[in-house]
Amino acid sequence: MSRARMVRFSNIIIAAACAATLIGAPVRAQSDLARAYRVIASKQLVDLTHSFSPTTPVWAGFGQAKFSPAADPETKQPYTIPKDGFRATYYEMVGQYGTHVDPPAHFAENGITMDLIPLKQMILPLIVLDNTRYQTKDPNHAFTVDDLRAWERQHGRVPKGSFVALRTDLSKDWDNPERFKRAPFPAWALETIKFVYEQRGVTATGHESLDTDTTDKMDSETYILRSGHYQIEVMTNLDKVPATGALIVVTWPKVKDGLGFPARAFAILP
Ligand SMILES: [Zn+2]
């Protein structure tokens with residue numbers, strides 16, 4: 001390359017660099033999200049949700065769901081693909097069925113309903129606390145603040161704004177409703193629920209059982225919902241998620257003024 005051509009060539013490079021700087025901000029914003037998507041798409045996902053049916057475990061006070069073929073209200077004839085080209089299911093069930101969300105309004109007169117939970121609270125860093133290590137000694141162990149402090153010595157402080165799930169492996173009894181609904185069962189201790197919300201500033205919590213804690217007064221659930229947080233109940237596969245480093249995505253239908261509904265939760269592994 002001649003000297004003159006070399007000068008021209010470096011001018012072109014400088015001009016290109018200036019242009020890139022000028023348009024850099026929006027391009028970078030787009031590519032950040034595209035890069036984040038490529039990262040997420042390369043990760044393993046774990047479903048934290050049970051499938052539910054009319055026979056799956058539910059609190060006796062609500063009763064089992066009923067599923068029936070949707071029918072024409074006038075003729076009472078169920079729609080079928082051969083006859084009508086489509087079919088649909090009519091669901092009759094309580095909102096608190098299967099893996100579900102409890103919004104604050106479930107327990108709090110003035111709490112927000114499920115349609116008003118901010119979208120940003122539906123994708124969060126996921127922390128998994130392990131209660132199973134205490135269950136060989138006591139199968140119905142309630143996870144204590146001391147247990148949490150032991151967990152933090154191993155894994156670091158529970159981060160502010162995270163979703164904290166309690167692994168108990170109770171979900172492995174999902175296909176045996178009587179065993180799944182046993183009482184007592186392993187769950188949270190009220191002091192620990194208060195600690196993670198008040199001292200660690202977490203956004204939401206979840207667990208594998210039908211109830212947050214074992215007391216009939218439902219102290220922990222009352223505390224969570226009346227302090228403006230939501231919870232996910234009847235989670236599964238927490239044994240397939242590491243203690244730290246995963247993300248949780250949790251979503252549910254946008255029922256107007258909804259007091260709870262089956263949810264879909266999954267983890268994006270690190
Ligand atoms: Zn519930």
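**Core, sheet and backbone features of a predicted model**

Leucine 129 touches Phe143, Leu148, Trp151, Val164, Leu166 and Arg167, when residues up to four places away in sequence are left out. The model in which these contacts are found is predicted. Leu129 is also a member of the largest nonpolar core, a set of 45 residues. Within this core, the residues that touch the most other members are Leu126, Leu129, Val164 and Ala165. In soluble globular proteins, nonpolar side chains tend to be buried together.

For the protein as a whole, the secondary structure consists of eight helices and 13 strands. The protein has 270 residues, of which 30% count as buried. Among contacts with a separation of 6 or more, 74% are between residues 24 or more positions apart.

Nine strands make up an open sheet with mixed pairing. Their order across the sheet is E1-E13-E11-E5-E7-E9-E10-E4-E12. Strand E1 (45–47) and strand E12 (261–262) are the edge strands, each pairing on one side only.

Strand E11 (246–251) has E13 and E5 as its neighbours in the sheet order. Strand E13, residues 264–268, runs antiparallel to E11 and is joined to E11 by five bridges. Two residue pairs can be named on this side. Valine 249 has phenylalanine 266 in E13 as its bridge partner, and leucine 247 has isoleucine 268, also in E13. Strand E5, residues 123–130, is likewise antiparallel to E11, and four bridges join the two. Here leucine 126 stands opposite alanine 246 in E11. Leu126 is among the core residues that touch the most other members.

The side chains of E11 alternate along the strand. Ala246, Ile248 and Val250 point to one face and are buried. Leu247, Val249 and Thr251 point to the other face and are not buried.

Three backbone features were also found in loops. Most residues other than glycine have a negative phi, and most peptide bonds are trans. Lysine 76 has a positive phi, near 65°, and is not a glycine. This lysine 76 lies in the loop between strand E2 (66–69) and helix H3 (81–84). Lysine 76 counts as exposed because 7 other C-beta atoms lie within 10 Å, and the cut-off for an exposed residue is 12 or fewer.

Asparagine 237, again not a glycine, has a positive phi of about 65°. The loop that holds asparagine 237 runs between strand E10 (231–233) and strand E11 (246–251). With 18 other C-beta atoms within 10 Å, asparagine 237 is partly exposed. Not counting residues up to four places away in sequence, asparagine 237 touches Val46, Asp47 and Leu48. Of these, Val46 and Asp47 fall within the residue range of edge strand E1 (45–47). Asparagine 237 and serine 171 are separated by 66 residues in sequence, with a C-alpha to C-alpha distance of 7.5 Å.

The remaining feature is a cis peptide bond between alanine 183 and proline 184, with omega about 0°. Proline 184 is located in the loop between helix H6 (177–180) and strand E8 (187–188).

Notes:
Residues numbered from 1 in each chain as written. Predicted model: local features only at pLDDT ≥ 70, side-chain atom pairs only at ≥ 80, totals over all residues. Buried ≥ 20, exposed ≤ 12 C-beta atoms within 10 Å, placed from the backbone. Contact = placed C-beta atoms within 7 Å. Core = buried A, V, L, I, M, F, W, Y, C linked by C-beta atoms within 7 Å. Pairing = 2+ DSSP bridges.
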